[in-house]
Amino acid sequence: GAAAAARAVGRRVGPLRRGRGCGASRQVAREPAARPGVGDAGGGPVRRRHIGTGGAPAMHEAEAWRWAALSNFSAAATTWTFKAKPLFEALDLIHLLGFMDVELWAEGVHLDPRGEPPDLDELAAAMDRIGLAAHSIHAPFRGLDLTSPDPGVRNRAVSVLSRTIEMAGRLDCPYVVVHVDGAGERGAGGAPTQHSGAGGSGAETGGRDAFVDEAEAFERAAAALTVLCKHAQDHHVTILVENQPDPARRRFGASVADLLELIHMVGAPNIGICFDVPHAVVSTGGWEKELRAALPYVRSVHASDTEGGSDAHWPLGRGAIDWRRVLEVLEEAGYDGGFVLEVAGGEAALEESFAALQGASGAGARGDADAGARADTDAGADARGDAGARADADADADADGDDAPSSSLRSREAK
């Protein structure tokens with residue numbers, strides 16, 4: 001019914017916008033049409049319902065209000081949530097969940113240029129068939145340190161990131177997300193993780209004991225990023241440097257101030273920030289001051305929840321972050337970039353996160369007619385109060401989302 005249709009299209013919580021460069025954006029129109037699945041998991045053609053004219057079915061007034069609740073930016077999923085699965089299957093799952101924008105993961109799996117990425121023409125054609133747009137590629141980071149005093153390490157990092165930029169250009173993907181220091185993330189339980197994909201062994205990974213906070217490190221990173229930005233301009237791509245989780249502030253990018261200084265040193269028109277909300281919480285104890293400082297350069301937001309002690313990648317609503325306030329700050333600034341749900345736990349985590357996002361936007365106050373959405377929100381509330389659910393989320397974070405779409409989801413999406 002209308003509730004199911006709205007949940008399918010609701011991942012698009014505003015006009016479909018995709019940025020080009022740091023200050024401009026363009027609108028991409030997509031016609032509502034029957035589209036085949038990416039792979040065998042698609043189960044045949046899928047028809048996504050849209051609000052508006054042109055043959056799209058009518059939608060309940062409350063659902064239309066929910067669709068328009070966030071007027072300027074869109075929710076996207078990341079293939080990291082399903083990184084235990086092949087890329088094409090991950091894309092099919094994201095499509096069946098109703099998302100239209102995706103961040104493609106390239107660390108160790110999926111699009112890592114150090115391994116064997118899929119044929120890009122085939123990938124672009126498959127994404128076009130199901131109406132998925134590449135919002136960003138998250139570049140590889142293990143062992144790719146742009147601040148290293150070793151020229152060989154820096155050159156290797158520039159080479160791998162250059163190939164990632166070229167892939168983004170071929171996929172008409174406007175952003176590539178970069179970790180400047182190559183140290184990478186820590187697992188949901190706080191234990192360091194290692195890159196095990198093609199291109200390196202554990203011994204080659206990042207994870208330095210300390211970032212050497214000397215002026216030369218900034219200069220080395222700025223010089224490397226200057227080269228990368230020039231290359232990215234040729235491919236119509238913008239590089240987004242991401243803030244990192246480190247309460248000791250010893251990693252490059254643990255504070256937004258690091259990224260702002262670097263951006264000013266590079267001085268390129270196609271460099272910006274990917275602001276990770278829980279990373280800011282882990283590093284600084286809060287997010288709002290950091291986000292406000294970064295906002296002039298933010299082109300993408302990474303969203304997951306945490307209680308502050310670790311980068312847990314919980315679904316939105318499970319931790320301590322006030323998502324209503326996050327959305328308010330973004331709306332007040334007229335933010336029109338991406339909003340990537342970088343959560344562990346597969347389909348269930350994305351459903352729970354989007355329900356929390358809708359609730360934070362105020363949509364729940366107008367959705368009394370939507371029993372299905374209320375049930376989702378109630379389920380999320382139960383999970384927030386359930387310590388066992390938190391433990392499950394931590395376990396899912398280690399598995400990186402191994403869930404397959406439920407039969408009820410397939411039945412309400414498939415025609």
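**Exercise 1. Identify the residues of the largest nonpolar core that touch the most other members, and the helix that supplies its largest share.**

Step 1. Of the 85 residues in this core, Leu104, Leu111, Leu146, Leu225 and Phe339 touch the most other members. A nonpolar core is a set of buried Ala, Val, Leu, Ile, Met, Phe, Trp, Tyr and Cys residues joined through side-chain atoms within 4.5 Å. Buried means under 20% relative accessible area, exposed over 50%, and partly exposed in between, with a 1.4 Å probe and protein chains only.

Step 2. Helix α6 (residues 215-234) contributes the largest share of the core, eight residues. Helices are DSSP runs of H or I with at least four residues, strands are runs of E with at least two, and both are numbered from the N terminus.

Step 3. The model is predicted: local features need pLDDT of at least 70, side-chain atom pairs count only at pLDDT 80 or more, and totals for chains, interfaces and linings use all residues. Residues are numbered from 1 along each chain as its sequence is written, and side-chain values use heavy atoms, with hydrogens and water left out.

**Exercise 2. List the contacts of Leu111, leaving aside its neighbours within four places in sequence.**

Step 1. Contact means heavy atoms within 4.5 Å.

Step 2. Under that criterion, Leu111 is in contact with Leu87, Leu104, Trp105, Ala106, Pro117, Pro118, Leu120, Leu123, Ile137, Met167 and Leu171.

Step 3. Leu87 is also among the buried residues of helix α3. In α3 (residues 87-96), eight of the 10 residues are buried.

**Exercise 3. Describe the crossing of helices α10 and α11.**

Step 1. The axes of α10 (residues 323-332) and α11 (residues 346-360) come within 8 Å and cross at roughly 65 degrees. Axes are lines fitted to C-alpha atoms, for helices over the stretch in contact, and angles run from 0 to 180 degrees between N-to-C directions.

Step 2. Trp323, Arg324 and Leu327 of α10 and Leu357, Gly359 and Ala360 of α11 make the contact.

Step 3. By class, this contact has four nonpolar, one polar and one charged residues.

**Exercise 4. Arg249 and His313 each have a positive phi; determine whether each is buried or partly exposed.**

Step 1. Arg249, which is not a glycine, has a positive phi of about 60 degrees and lies in the loop between β9 (238-242) and α7 (256-266). With a relative accessible area of 45%, Arg249 is partly exposed.

Step 2. His313, also not a glycine, has a positive phi of about 60 degrees. His313 is found in the loop between β11 (298-303) and α10, and counts as buried at 3% relative accessibility.

Technical notes:
Nonpolar A, V, L, I, M, F, W, Y, C, P; charged D, E, K, R; others polar.
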